[in-house]
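Please open the model in a viewer with the backbone drawn as a cartoon. The stops below proceed from the sheet to the helices.

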Amino acid sequence: MDNNATIVQFNVGGQFYSTTIKTVTEDPRSILHGVFTENYNTRKLPTLSRDDSGRIFIDRDGGLFRYILDYLRDMDLVLPESVEDRKRLRKEAEYYKLKGLIDVIDNYEANRGFITIVDKKYSSSNKIYVYGSAYLCQVVFRLNPDLTGGCYLKDVTREKCFSMLQKAGFQIATSAKSVALDEERYEFVFVRD
């Protein structure tokens with residue numbers, strides 16, 4: 001019988017999982033790979049314990065282990081919606097030494113956030129400013145804003161701004177209008193999750 005097809009059972013933080021050796025050894029840099037290959041004795045790896053039913057016991061977050069297995073099966077996954085769960089999953093990925101999963105989480109976090117568009121209409125002119133994460137503004141508008149003062153978008157209409165944000169996967173979350181003396185100010189907040 002092929003060793004890769006061998007089923008292995010885990011008790012992770014009180015939750016039970018069954019998978020194959022092939023799945024848990026998919027990432028050669030991970031702790032799980034080391035535990036199930038000849039590298040086990042040559043690397044500093046945690047000692048294996050077994051529960052009363054013979055399952056391999058790992059004293060980690062059992063609920064998040066399903067994401068670890070999903071990642072190892074496909075080398076990609078749908079991340080938890082909760083920011084706290086993603087932070088906890090990143091810690092689990094660090095523990096299991098899953099660099100690829102850490103990169104997936106970090107890239108996801110870097111690409112989400114908000115951008116605010118401020119359209120100021122003066123009596124004789126119109127100016128559009130962008131505020132938000134320097135990274136997101138660079139990605140969408142190819143510019144690096146001063147995070148305290150924003151960036152002025154020269155020769156860009158509000159419609160062009162909205163189109164660029166939509167193409168980058170942003171959706172409008174809220175908007176507001178204010179009027180003071182000779183200035184009308186429109187603010188639009190766009191988010192990307």
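Select Val8 and Thr19: Val8 stands opposite Thr19, a residue of strand 2. Helices (H or I, at least four residues) and strands (E, at least two) are DSSP runs, numbered from the N terminus. This is a predicted model, in which local features need pLDDT of at least 70 and side-chain atom pairs count only at pLDDT 80 or more, while totals for chains, interfaces and linings use all residues. Residues are numbered from 1 along each chain as its sequence is written, and side-chain values use heavy atoms, with hydrogens and water left out.

Next, select residues 7-12, which form strand 1; six bridges join strand 1 to strand 2 in the antiparallel sense. Two strands pair if DSSP finds at least two bridges between them. Widen the selection to the open sheet, where four strands follow the order 2-1-4-3 with mixed pairing. Its edges are strand 2 (15-20) and strand 3 (49-50), each paired on one side only.

Now add helix 3, which packs on the sheet and touches strand 1 and strand 2; its direction makes about 10 degrees with that of strand 2. Contact means heavy atoms within 4.5 Å. Axes are lines fitted to C-alpha atoms, for helices over the stretch in contact, and angles run from 0 to 180 degrees between N-to-C directions.

Finally, show helix 3 (residues 62-74) with helix 4 (residues 83-95): their axes come within 10 Å and cross at roughly 65 degrees. Select Leu64, Tyr67 and Ile68 of helix 3, which meet Asp85, Arg88, Leu89, Glu92 and Ala93 of helix 4.
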